[in-house]
Amino acid sequence: MQISYPTPYPLAEQNYSPPETAASESEQEPSMLRKALLFLALVIVSIGANYFVPKFVGTAFFIGILVAYFRSKDEAFWMAYFLTVSDGFFGFFGLYKTVIAVMPGLPDAEVGMIYIILTFFKAYGKPLNYKPFYTDFLKILLIYIIFLLVQGYVIGVSMEINVQFRLIKWIVPLFMLYSVPRLFTRIEQYRDLFLYLFCVAFVALGAQLYTILNAQSPAQHMGVVKKARYAIKIKAGKTYRGLYNEGILLITYFGALFFLAFRPGKYLPSWLCFAVVMANFASVFLSATRGWVICFTFSLFFSLLFVLKLSGRRLMSILVLVLIFLFTARSLPIVGIQIDNAIKRLLTLGKLAEGDETAGGSLIRLSVRGPRVMKIWSESPLTGWGFSNRFMEGDDFHVGNQNILMHSGIIGYALMHLFFIYFILKLFIRSNNQARGSPYKGALLFFCIFFPAWFLLHSSSQQFFSYYQFVIGGIIQAVFFSMGAMMYQDSEEHQWK
């Protein structure tokens, strides 16, 4: 199989029309800058509304924001905004940090959760410009989710309001797989989404460096929180393990590499995409988190090898920038110590390769967490424990695959992984069938590279895939799979005739 670097325009001998002329990067940048500044301004105002004014004022502000979204047609802007307030910004916001009381007596609802419900109502009844190729498979998975809910009630689940509300919060984010293909119908919408999120990715690196240097998070410094989990005084042998905006880091790393593969420079400036790749890689490296480093290294290496195929000059430029970053970072004593600690922690993977399943005592997923979850699964191996109390008691997001087995059993595990295989194979075959020079060839192949890297992260660091989701996971997975479906559909006319 021969894989060619995707050029901005198809070759003339193929029987399809070239795309319209792209605006130059210099023409794109002023408009993009204005969009980014408006987005950041709203996020900063939202920090004030969430932390520095009376609660009723903040509640009124976020209700107004939700109304503004429901009346708006700019889906990219608002998805980026609600993902940010759910995932965090410079140490502010995050999971369960931006909530409003919807009804007396009920637990507060996340603003991001209400946003997802509103997307469903906006999308309901809207005709699809295209039918995602995996729609029928999703229907099968939906049926199995309903089975798991029924099974949970049969086995036994607490009827307390907070537990029932938790079930709703777990299921609602899956609605995004229905809403996004109906609300995001053009690649330009995804471009704008990533433009806004790129801003947050750079801020995430800044927050991480701030925490490493000051042994406290920005939110701690401003008195918003008393204690930050990963804010420690770094020294030899004591490693900082924090990572800000995990969901946004993951999806923006994907987005930056995607737009480098798909008509580079047409939708987003190439320099911006490279900058995001380097900033996000720096974030995960400084976190000394092995699963994240493996995921990012895998996707970057194979993208460079099979998709991007950069020139020697461009590779040298990237290498020079990396060296400049390392030199500058090591000039700061505390950051230099963290880099040394991170390298030592990453090298413990060698012990795992030698047969030490604890990686020198630093990895208990394989030796403790995994066996504990598998013991619970073995009591109900075929269909798992569903949404029952037994599952909630044993739930452990550190071991993703074992947790899926415990929750949904062999049947659920097989169905989910068959869906993944189906998704990747369809895109790989479509990529392989693209005419030489088609801009979709490399873009489709990139999905087939990034998903295995993401699955490695799911398997080695924390659970991402399941029959339930949180706000952040629901959004980023819907973006990934919906973009794949759109690329699959749009590339149909670019196949060999």
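1. For the lining counts below, Ala, Val, Leu, Ile, Met, Phe, Trp, Tyr, Cys and Pro count as nonpolar, Asp, Glu, Lys and Arg as charged, and the others, Gly among them, as polar. On that split, the lining of the second largest pocket comes out as 23 nonpolar, five polar and three charged residues.

2. A word on the source: this is a predicted model, with local features needing pLDDT of at least 70 and side-chain atom pairs counting only at pLDDT 80 or more, while totals for chains, interfaces and linings use all residues. Residues are numbered from 1 along each chain as its sequence is written, and side-chain values use heavy atoms, leaving out hydrogens and water.

3. Back to that pocket (on a 1 Å grid over the protein atoms alone, an open set of points where a 1.4 Å probe fits, with protein on both sides within 12 Å along at least five of seven lines; lining residues have an atom within 4 Å of a point). Its volume, the space filled by probe spheres set on the points, is about 730 Å³. There are 31 lining residues, and the closest to the centre are Leu 138, Leu 142, Leu 174, Leu 177 and Tyr 178.

4. Who builds the lining? Helices here are DSSP runs (H or I, at least four residues), numbered from the N terminus. H5 (135–155), H7 (176–183), H18 (400–432) and H20 (471–490) each supply at least two residues, and H5 gives the most, with eight.

5. Now the largest nonpolar core (buried Ala, Val, Leu, Ile, Met, Phe, Trp, Tyr and Cys residues joined through side-chain atoms within 4.5 Å). Buried means under 20% relative accessible area with a 1.4 Å probe, protein chains only. This core has 158 residues, and Phe 254 is among those with the most contacts inside it. Leaving aside residues up to four places away in sequence, Phe 254 touches Phe 194, Phe 446, Phe 447, Phe 450, Phe 480 and Met 483 (contact: heavy atoms within 4.5 Å).

6. Ser 86 sits in helix H3 (residues 75–87) and is buried at 3% relative accessible area. Its side chain reaches the backbone oxygen of Phe 82 at 2.8 Å. Beyond four places in sequence, Ser 86 touches Gly 94, Leu 95, Gly 112, Val 471 and Ile 472.

7. Two backbone spots to look at. Most residues other than glycine have a negative phi. Asn 245, in the loop between H9 (218–221) and H10 (246–261), has phi near 55 degrees and is buried at 4%. Ala 288, in the loop between H11 (270–286) and H12 (290–308), has phi near 60 degrees and is buried at 0%.

Terms used. Buried < 20%, exposed > 50% of the residue type's maximum accessible area, 1.4 Å probe, protein only. Polar contact = N/O pair within 3.5 Å; in protein donor to acceptor, adjacent residues only side chain to side chain.
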